[in-house]
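Visitor: I would like a close look at a single part of this model. Please take one buried site and follow its contacts outward.

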Amino acid sequence: MKMSKEKKKGKSKSFWRRLVLILLGLLLGVNMYLANARQLVGNQIPMPFGYGVAVVMSGSMEPTFSKNDLIIVKKSDDIKVGDIVVYQSGHMLIVHRVIALDDKTVVTKGDANNVADPQFNLSEVKGTVVTWIPKLGLIVNALKSPIGVISVLAVAILLVELSFKKQKKNDTAELDEIRKQIGDLKNKTD
């Protein structure tokens, strides 16, 4: 039995609606996880699978990174001089290059800074930067804001509602067609 073009088109739209809803759900779930990790545990860069993301907040690493670049950080125990690391200082994350290192302490410095950072314990290093995406931090920060979260929720609710209305309309049209065919069959048998 061949599927009509309308049914194929409907299934395709249904697939894309579901995909968008799944992505929005994942976005909200990750956002909630990160917010809880920051607020409850005080961890500014949770790394559940050994990787985390952060947004560059200053120009201290120019020209390597600019403000609002998104960096991907990998948890690492093998840190060397020259690596760019992320460490937590109080409630702030610092992204600087390692300039001195021994068994227990690290000294870092921003590429654009004239002065090195104070020495700190090696255990404060969250990981090393493995890659970055220029300016993507603007979108990430917007999505993490209360307005961004509310907007994503509103879009998700709207998509779910529209999806249900569309499905109900299609079901009603299909049911009406079946009723018409039944009526036609009754008229032919009379």
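**The core and a buried histidine**

Guide: This is a predicted model. Start with the largest nonpolar core, which has 12 residues: Ile45, Met47, Ala54, Val56, Met61, Phe65, Ile71, Val73, Ile84, Val86, Val95 and Val129. Strand S2 (70–74) and strand S3 are the elements that give two or more residues to this core. In soluble globular proteins, nonpolar side chains tend to be buried together. Another core, of 8 residues, lies apart from it; Tyr87, Val98, Val106 and Val125 are among them.

Now the sheet. It is open and holds 7 strands, in the order S1-S2-S7-S3-S4-S5-S6. The pairing is antiparallel. Strand S1 (51–55) and strand S6 (120–121) stand at the edges with a single partner strand each, so one side of each has no neighbour in the sheet. Look next at S3 (residues 84–89) and S4 (residues 92–101). They run antiparallel, joined by 6 bridges. One pair to pick out is Gln88 with its bridge partner in S4, Leu93.

His96 is the site to follow. It sits in strand S4. Is it buried or exposed? His96 has a relative accessible area of 6%, and the cut-off for buried is under 20%, so His96 counts as buried. Its side chain makes a polar contact of 2.9 Å with the side chain of Ser60. The His96 side chain also reaches the backbone nitrogen of Gly110, at 3.5 Å. Beyond four places in sequence, His96 is in contact with Ser60, Met61, Asp83, Ile84, Val85, Thr108, Lys109, Gly110, Asn113 and Asp117. Three of these names lead onward: Met61, Asp83 and Thr108.

Take Met61. This residue belongs to the largest nonpolar core. Setting aside neighbours within four places in sequence, Met61 is in contact with Ile84, Val95, His96, Arg97, Lys109, Gly110 and Asp111. Ile84 and Val95 are core residues too. Met61 therefore links the core to the histidine site, as its contacts include Ile84 and Val95 as well as His96.

Next, Asp83. It lies in the loop between S2 and S3. Its relative accessibility is 19%, so Asp83 counts as buried under the 20% cut-off. A polar atom of its side chain lies 2.9 Å from the backbone nitrogen of Lys80. Residues up to four places away aside, Asp83 touches Asp78, His96, Arg97, Val98 and Thr128. Consider Arg97 from that list. Asp83 and Arg97 are 14 residues apart in sequence, yet their C-alpha atoms are 5.6 Å apart in space.

Then Thr108, in strand S5 (residues 105–109). At 0% relative accessibility, Thr108 is buried. Its side chain and that of Asp117 are joined by a polar contact of 2.5 Å. Asp117 is also in contact with His96. Not counting residues up to four places away in sequence, Thr108 touches Val85, Tyr87, His96, Arg97, Val98, Ile99, Ala116, Asp117 and Phe120. Tyr87 and Val98 are among the residues of the other core.

Last, step away from the sheet to helix H3 (residues 146–189). It has 44 residues. From first C-alpha to last it reaches 64 Å, close to the 64 Å expected at 1.5 Å a residue. In H3, Gly148, Val152, Ala156 and Ser163 are buried.

Notes. Residues numbered from 1 in each chain as written. Predicted model: local features only at pLDDT ≥ 70, side-chain atom pairs only at ≥ 80, totals over all residues. Heavy atoms only, no water. Pairing = 2+ DSSP bridges. Helix = DSSP H or I, 4+ residues; strand = E, 2+ residues; numbered from the N terminus. Core = buried A, V, L, I, M, F, W, Y, C linked by side-chain atoms within 4.5 Å. Buried < 20%, exposed > 50% of the residue type's maximum accessible area, 1.4 Å probe, protein only. Contact = heavy atoms within 4.5 Å. Polar contact = N/O pair within 3.5 Å; in protein donor to acceptor, adjacent residues only side chain to side chain. Expected span 1.5 Å × (residues − 1).
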